[in-house]
Amino acid sequence: MPHATAMTPDLAVDTHCPYCSLQCGMALRPAAGTEGVVEVVERPAFPVNRGALCGKGRTAPALLSSRVRLTEPLVRRPDTGRLEPATWEEALDRVAEGLAGTAEAHGRDAVGVFGGGGLTNEKAYALGKFARVVLGTSQIDYNGRFCMSSAAAAHNKAFGLDRGLPFPLADVARTGCVILVGSNLAETMPPALRYLTELKESGGKLIVVDPRRTRTAEQADLHLAPRPGTDLALALGLLHLVVAEGRVDEEFIAGRTSGWPEARAAAMAHWPEMVERITGVPVPELREAMRMFCDAESSMVLTARGPEQQSKGTDTVGAWINLCLATGRAGRPLSGYGCLTGQGNGQGGREHGQKADQLPGYRKLDDPAARAHVAAVWGVDPDALPGPGRSAYELLDALGGDVRALLLMGSNPVVSAPRAAHIEARLRSLDFMAVADVVLSETAALADVVLPVTQWAEETGTTTNLEGRVILRRTAVTPPPGVRSDLEVLNGLAARLGWEKGFPADPEEVFDELRRASAGGAADYSGITYRRIAEEDGVFWPCPEGREGAGAQAAGAEAGAAEAGAAQAGAAQAAGAEAGAAEAAGTGAEPGPHPGTPRLFLERFATDDGRARFVPVTHRPAAEEPDAEYPLFLTTGRVLSQYQSGAQTRRVEELNRADPGPFVQLHPLLAERLGASEGAPLAVISRRGRAVAPARISRDIRPDTVFMPFHWAGEGRANTLTNPALDPVSRMPEFKVCAVRVERAAG
């Protein structure tokens with residue numbers, strides 16, 4: 001089994017973990033005495049994780065084994081109905097025929113494309129281009145819609161720009177107070193926990209908002225445990241108290257924001273006693289949280305899927321942003337709002353064209369100027385590009401109806417989609433489906449053609465972590481002979497569909513085109529190169545080519561770095577800022593590349609007038625509240641040793657020993673009422689279906705709530721139960737709250 005060690009010999013190849021949005025630095029080297037096997041080596045110089053790795057990262061090389069992954073194409077034979085081995089030529093021919101035939105018979109929008117937040121920037125870019133140029137379909141979206149789309153929508157509304165964190169993670173350890181909302185990062189991204197530990201060691205305060213007392217909540221100075229689906233009311237209640245107790249930063253509001261009177265009026269309608277009735281959080285705890293946040297010289301709010309995966313997720317995040325703006329905790333060093341992005345390339349994956357409404361560089365698909373720019377890079381007529389299509393759940397829900405064929409890359413919606421039994425049925429109803437994946441996931445097992453593709457250690461490409469830091473994965477091992485990269489797949493399909501050029505298989509060539517396509521966009525990568533990423537341990541976007549705008553951004557970076565003090569890499573950023581400022585002042589400094597932008601908004605926000613926008617919001621119930629038939633809340637999440645749909649981690653023996661299967665966490669009072677005992681099977685039933693898993697009895701959860709992890713298929717599939725009610729702005733499904741009843745199950 002691969003293992004970690006602190007020594008990095010010359011043979012080691014620097015790369016990054018394939019899992020969460022930290023994109024932890026690691027290295028791979030040949031394992032001693034074992035031919036063809038690699039082991040993980042720590043990489044202490046990488047600033048995000050400083051060598052630390054969780055069990056998932058440490059055991060990631062286990063997935064490189066041919067025993068657990070696909071090594072040859074599979075085609076479903078009409079005579080047997082089974083997936084059987086095929087040549088690459090036959091498999092690609094079948095895919096091209098299936099997609100082209102569907103378009104010819106039913107129209108271009110009868111062909112859908114579904115991507116993933118784990119695809120590299122190069123793959124995400126190429127997939128979006130392939131859908132719009134080769135297939136000519138508007139029906140493309142990706143599973144990142146299920147991850148941080150509500151935070152992205154709120155970011156854009158308030159700040160005019162969406163980047164998960166507007167500052168490096170190292171700044172978290174240097175602020176005075178953090179409110180962490182709906183994140184259990186001790187289990188979902190363990191190496192990040194050190195920043196909260198360092199925060200507390202330096203005298204800072206940690207407030208955790210979560211209906212469960214998680215491993216992260218155990219570290220908090222104050223744990224607020226609201227009813228699921230009431231985070232919006234909680235944020236509004238805190239803002240009410242800020243106003244009532246005179247803690248508003250009037251100077252900041254007047255100088256750097258707009259829309260305060262309307263947001264203030266909305267918050268004042270949510271008085272503390274009302275908020276206590278809605279959330280279950282006592283008024284004294286609300287007051288203590290507000291005072292902790294305001295007493296600190298600098299403060300941050302960080303959200304994750306808890307408040308975001310709701311049918312009002314955009315408004316909920318907006319309320320937390322309003323709290324930051326009203327107290328002057330935004331656009332200043334060591335303060336601000338940030339989203340803890342989930343998937344490995346959840347940030348980059350939503351920037352370069354695999355979203356339904358987006359073109360590369362975070363451009364809007366319905367913007368004529370954006371269409372003209374990208375079409376010029378692609379060598380096509382702007383009018384030939386299709387318009388915006390359906391969001392992820394709406395696309396999956398349309399399968400077998402308006403959408404008759406699907407090309408899917410890097411996603412497993414049979415397990416990960418809400419109302420999963422319904423989505424599985426829609427996938428089965430397709431006329432044709434092709435899946436490109438590393439393993440035979442539950443979704444791939446339904447396909448007509450399965451294409452085995454390379455994975456993290458077998459390919460080169462960039463991802464963008466939760467900080468907006470663009471990093472480089474490097475090829476460390478040779479893939480099995482029957483495996484090709486996703487870029488090679490798109491190259492082969494494009495050629496069969498009449499596009500001999502425009503879809504190179506070389507990732508650096510694709511990245512260079514991405515740079516041109518993103519130039520001038522919100523997510524401008526034009527000044528980023530593979531060489532720079534390698535030399536600088538990542539480059540923060542926006543980073544335009546040349547020095548345009550570098551002076552102001554560099555000055556802001558200098559101020560932020562100076563304030564951050566001992567923050568990792570602060571000195572280097574300050575030095576780069578000083579050089580940029582000197583050049584901008586006309587001192588004759590030698591021109592150099594744009595330094596990148598580690599810290600956003602220090603001088604102005606990315607809106608037309610440079611002001612952040614308050615957005616007035618009001619609490620409303622979840623789409624589905626408990627009632628007499630379904631009297632309990634269900635909330636879902638992750639556990640330490642599994643990841644997302646589990647397609648990868650469930651194939652690693654060490655991780656399965658640690659977290660072997662699904663469970664139902666419930667409070668002892670509820671267990672007593674049900675007559676349930678530890679480990680006994682429980683049936684959790686919603687309006688959408690039934691799931692069965694062993695009971696895990698704990699006082700770490702509210703008595704009115706049960707929790708299930710969502711990593712497993714079969715009868716323990718949590719997403720059989722979840723509600724696909726959509727946020728009206730982000731189109732995010734309401735994974736985090738639905739009404740259920742719980743019964744003892746046979747066996």
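1. Let's start with Asp537, keeping in mind that this is a predicted model. Asp537 sits in the loop between helix 21 (530-536) and strand 21. Its phi is near 55°, which is a positive value in a residue other than glycine. Is Asp537 buried, partly exposed or exposed? Asp537 is partly exposed because its relative accessible area is 22%, and the buried class needs a value under 20%.

2. Why pause over a phi like that? Most residues other than glycine have a negative phi, and most peptide bonds are trans. So keep an eye out for exceptions to either habit.

3. Here's one about the peptide bond: Trp541 and Pro542 are joined by a cis peptide bond, with omega at about -5°. You'll find Pro542 in the loop between strand 21 (539-540) and helix 22 (550-564). While you're looking at Trp541, check what lies over the face of its ring: that's Arg163, at 6.0 Å from the ring centre.

4. Another arginine is worth a look too. Arg329 has its charged end over the ring of Phe293, and the distance to the ring centre is 5.9 Å.

5. Now for the aromatic rings. How many aromatic pairs does the structure hold? There are 11 of them. One pair is Phe159 with Phe605, which is stacked: the centres are 5.6 Å apart and the planes make an angle of 15°. Phe159 belongs to helix 4 (residues 149-159), while Phe605 is in the loop between helix 23 (570-584) and strand 22 (612-613), so this pair ties together parts that are 446 residues apart in sequence.

6. Phe605 also pairs with Phe601. Their ring centres are 5.3 Å apart and their planes are at 35°, so this pair counts as tilted. Put the pairs together and you get a cluster: Phe159, Phe601 and Phe605 are linked by ring pairs.

7. Are the rings of this cluster in buried or exposed residues? Phe159 and Phe605 are both buried, and Phe605 has a relative accessible area of 1%. Phe601 is buried as well, with a relative accessible area of 10%.

8. One last thing about Phe601. Like Phe605, Phe601 is in the loop between helix 23 and strand 22. Its phi is positive, about 70°, although Phe601 is not a glycine. So when you click through that loop, look at the backbone of Phe601 along with its tilted ring pair with Phe605.

Terms used. Residues numbered from 1 in each chain as written. Predicted model: local features only at pLDDT ≥ 70, side-chain atom pairs only at ≥ 80, totals over all residues. Heavy atoms only, no water. Phe/Tyr/Trp six-rings, centres within 6.5 Å; stacked < 30°, edge-to-face > 60°. Helix = DSSP H or I, 4+ residues; strand = E, 2+ residues; numbered from the N terminus. Buried < 20%, exposed > 50% of the residue type's maximum accessible area, 1.4 Å probe, protein only. Lys NZ or Arg CZ within 6 Å of the ring centre and 35° of its normal.
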